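Visitor: I would like to know how the words used for this model are earned. Could you take me through the terms one at a time?

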Amino acid sequence: MLLNLIVLQCAKFGKLNKSVEFPEILDMAPYVSGSSDKSPVYRLYGVVVHVDTMNDAFSGHYVCYVKNHHNQWFKFNDTMVCIHHFFF
């Protein structure tokens, strides 16, 4: 869901060229209506990042960061995977 919001914002306003902070826990309860058995609380466990290599939104490289069940983050970059330390 977060990825879709970012894509829409980029498409409407152009390239986003700054750091974006977001919480690891996202409570959507204030934004949903109706009853459901599922909680509208989401926990972040993955982020996809476009690394701009030529100051151009149409070229660059994608890497992703994924958190395991021990709350340890890993960076996936093509064939390389390494432990990554975020400082929240």
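Guide: Gladly, and we can start with the salt bridge: a side-chain nitrogen of Lys or Arg within 4 Å of a carboxyl oxygen of Asp or Glu. Please keep in mind that this is a predicted model, where local features need pLDDT of at least 70 and side-chain atom pairs count only at pLDDT 80 or more, while totals for chains, interfaces and linings use all residues. Residues are numbered from 1 along each chain as its sequence is written, and side-chain values use heavy atoms, with hydrogens and water left out.

Visitor: What makes E24 and K67 a salt bridge?

Guide: The closest N and O atoms of E24 and K67 are 2.8 Å apart, and the limit is 4 Å, so the pair qualifies. The structure holds 1 salt bridge. E24 sits in the loop between α1 (2–13) and β1 (25–27), whereas K67 is in strand β4; with their positions 43 residues apart in the numbering, the pair links distant parts of the chain.

Visitor: Why is K67 called buried?

Guide: Buried means under 20% relative accessible area, exposed means over 50%, and partly exposed is in between (1.4 Å probe, protein chains only). K67 has a relative accessible area of 11%, so the word is buried. E24, its salt-bridge partner, comes to 25% and therefore counts as partly exposed. Of the 88 residues of the protein, 7% count as buried.

Visitor: What makes the approach of K67 to L44 a polar contact?

Guide: A polar contact is a pair of N or O atoms within 3.5 Å; within protein, one must be able to donate a hydrogen and the other to accept it, and residues adjacent in sequence count only if both atoms are side-chain atoms. The side chain of K67 reaches the backbone oxygen of L44 at 3.4 Å, so the distance falls within the limit.

Visitor: How do you know how many helices and strands there are?

Guide: Helices (H or I, at least four residues) and strands (E, at least two) are DSSP runs, numbered from the N terminus. The protein has 1 helix and 6 strands, and along the sequence they follow the pattern α-β-β-β-β-β-β.

Visitor: What makes β4 and β5 a pair?

Guide: Two strands pair if DSSP finds at least two bridges between them. Strand β4 (residues 61–67) and β5 are joined by 4 bridges and run antiparallel, so the condition is met. Y65 stands opposite K75 in β5. Strand β6 (residues 80–84) also pairs with β5 in the antiparallel sense, over 5 bridges, and F74 has I83 in β6 as its bridge partner.

Visitor: Why are β3 and β6 called edge strands?

Guide: The open sheet has 4 strands in the order β3-β4-β5-β6, with antiparallel pairing. β3 (46–51) and β6 each have a single partner strand, so one side of each is left without a neighbour in the sheet.

Visitor: What is notable about phi at N71 and at D78?

Guide: Most residues other than glycine have a negative phi. N71 is not a glycine, but its phi is positive, about 60°; D78 is not a glycine either, and its phi is positive at about 55°. N71 is in the turn of the β4 and β5 hairpin, which has 5 residues between the strands. D78 belongs to the hairpin of β5 and β6, with 2 residues between the strands. N71 has 56% relative accessibility and so counts as exposed; D78, at 65%, is exposed as well.

Visitor: What makes V66, F76 and V81 a patch?

Guide: Patches are made of residues with over 30% relative accessible area and no salt bridge; like charges are joined within 9 Å, nonpolar side chains (Val, Leu, Ile, Met, Phe, Trp, Tyr) within 5 Å. F76, in strand β5 (residues 73–77), has a relative accessible area of 33%, so F76 passes the 30% limit while being called partly exposed. Together, V66, F76 and V81 make a nonpolar surface patch of about 220 Å².

Methods. Areas by Shrake-Rupley, 256 points an atom, 1.4 Å probe, with all protein chains shown as cover.
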